[in-house]
Amino acid sequence: MTVSSPDLKEARYTWGADEFLFVEVDESMSLAANFKVMSIARKLSDAGLPGVVDICPANASLLVRFDPDVLPPSSLESTVRGIERELQNHNQQTLETRIIEVPVWYDDPFTAEVAQRFREGFHQEPDGTDLDYAAKVNGLKDAAEFIRRHHEQPWLVSMVGFVAGLPFLFQLVEREQQLQVPKYLSPRTDTPKLTVGHGGCFAAIYSVRGAGGYQMFGVAAAPIFDPAQSLADFKDFMVFFRPGDIVKFKPVTEEEYNAIQAQVEDGTYRYRQVPVTFDASKALSDPQAYNQELMEALNGI
Amino acid sequence: MAFDIKNPGLATTVQDQGRTGYYNVGIPQSGSMDQYSAELGNALVGNAATDAVLECTYLGPVLVTDADAVVAITGAPVEVKVNGEPQPQWTRLQLSAGDELSFGVIRGGTRYYIAVQGGIDVPVVLGSRSTYTLGGIGGYKGRKLEAGDLVPVGTAHGELPAALEVPESFRPSFDKAQSVRIVMGLYDHRLTDAGKENLLNGEWKVTPVADRMGLRYYGPGVGWKEREQPFGAGSDPSNIVDAGYAVGSIQIPGGTQPIILHRDAVSGGGYAMVATVISADMDLVARAAPGTATTFVAVSQDEAIVARKERAELKSKAWEALGLPG
């Protein structure tokens, strides 16, 4: 199948007053929609249009901030529509990206402590844990089974945002295999830094401590936002993830978590990562086999 | 030179015109909430509009200057005191080394600004000195001020304007009632007709849940059209597949309380936005204190662009009134 068409209709164009163009590629989440969003964003960025302030690709939509004193709204819209038409004709399906291993301490004490403080009135099943609840709503045997399903297949960074450097991740599996969990009934005022959360079909890694509504399953062992840029992975920029990155979660024990923390402390930690060409058509036609291929690239280093 | 912070006040932060270009990674624009007031403060002390000021929320700081300094207080009406003696707002003030600047009770609005000749001289992070507290970047060590902080002030780099004060006609008002212009769009098609009617004809009041991230309003509520939700969007009809949030956009989680996203807002999320405040009225929204009665007036994008030009012209005229090149 092709990625940009024929499954996706023409995008919906609408405005956020005088400074924002909003392009909804699809109402539903899908790999095809996300891929089209990323392609439009990249081509718009390459076009180097004066007056474009910020290009924010999201899961299934795109937000463009512009300066109408420099770039009239109609010019911006016609440029983006032109890019969309061009993609329709060319069906570009590959993305030069990287696959990254992200160590996670699942079922950790930090998220458990915060979860304890937000049960009654916040959670669907206040007597249980977030992991038990997630396993149940996905029809899985227990929390361990859910954790296995969470890390055995890779995820795609489908959007970066909410707060500084927070990645939204979309699991690279068939729709019927997607893990889905409702958000908390009411958002918490606290979420531990580096919490691995889940809401709807999306995973997230909370880059900083703060409010949050996603179910909490564990903590990532190394930073993903480093304003001081002290680690080598942050040499170029304080935010680690980029849309299109592929993430493979790796479960770690408390001891392994502490060892990574020590490496972060002394400034030597590096994420295991390798460049890959992501082929969306392969990912869509046989996700399991293609994911094996991606993960082998990571295991090869 | 530096300001020695004796008491930080409620939430005093360093702000300038904000940073753009990093919204795509979740770093908001930040910057002074009421840009017009902050920039006029800079104009009074001979700074560029881009210089950094201190933004004070409700309870201002008590600070002592370690050198002679030229300052101006603009924004929300508040009693200004130098060594305990009342001083006028919107007026250039001369401080001597050792003078203490403090504030009385705010009499409207929410935020006022301390501009100082030379500007607040904290390091530029991603193109701006503005504080983004959630991410811990910019401003003074990425946070609001604390007692004992020594806030660095830069050296004078511009001519002081001929005028000593901003004429009354160029000072913004801080009324208890506002009419805010919005452009409908984004996901407004998901509201019921009655919901749209309520948004545009109802009276909304700013709740105490209002900060640099956004302002929440209380009012008649709106209705969302019932429908089968798309995959990945979440179950409530006000949910969407997580998307980028336009600054100034209005979301109405569950259909009860509209939230206007402001300068420190999260850059995206899963609540449908139904309209966006025009850029020319973002300062007006920033001046709304809790309880402010608000009506939302729908305008076209063309009208928003006209209003944008009018705002730029007003700024030029204010600069000219001070004897500065507009």
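How many residue pairs are in polar contact across the interface of chain A and chain B? The rule finds 20 such pairs, both residues being at pLDDT 80 or more; a polar contact is a pair of N or O atoms within 3.5 Å, where within protein one must be able to donate a hydrogen and the other to accept it, and residues adjacent in sequence count only if both atoms are side-chain atoms. This is a predicted model, in which local features need pLDDT of at least 70, side-chain atom pairs count only at pLDDT 80 or more, and totals for chains, interfaces and linings use all residues. Residues are numbered from 1 along each chain as its sequence is written, chains are lettered from A and ligands numbered from 1 in the order in which they are written, and side-chain values use heavy atoms, with hydrogens and water left out.

**Interface of chain A and chain B**

- Chain A brings 52 residues to the contact and chain B brings 45 residues, where contact means heavy atoms within 4.5 Å.
- About 3,800 Å² is buried between the two chains, 61% of it on carbon and sulfur atoms; buried area is the accessible area (1.4 Å probe) that two parts lose on being put together, summed over both.
- In chain A, the residues that lose the most area to chain B are A:Asp18, A:Glu27 and A:Phe162, together 15% of what that side buries.

**Salt bridges**

- The structure holds 37 salt bridges over all chains, each a side-chain nitrogen of Lys or Arg within 4 Å of a carboxyl oxygen of Asp or Glu.
- Five salt bridges are found across the interface of chain A and chain B.
- B:Arg308 forms a salt bridge with A:Glu19, with the closest N and O atoms 2.8 Å apart.
- Within chain A, A:Arg81 and A:Glu10 meet in a salt bridge (3.1 Å, N to O).
- A:Arg81 lies in helix α2 (residues 73-90) and A:Glu10 in the segment before β1, so the pair ties together parts that are 71 residues apart in sequence; helices (H or I, at least four residues) and strands (E, at least two) are DSSP runs, numbered from the N terminus.

**Helices α4 and α5 of chain A**

- The axes of α4 (residues 130-137) and α5 (residues 143-152) come within 8 Å and cross at roughly 80°; axes are lines fitted to C-alpha atoms, for helices over the stretch in contact, and angles run from 0 to 180 degrees between N-to-C directions.
- α4(A) and α5(A) are therefore roughly perpendicular to each other (65 to 115 degrees).
- A:Leu131, A:Asp132, A:Ala134 and A:Ala135 of α4(A) make the contact with A:Ala143, A:Phe146 and A:Ile147 of α5(A).

Notes: Parallel < 35°, antiparallel > 145°, perpendicular 65-115°, else oblique.
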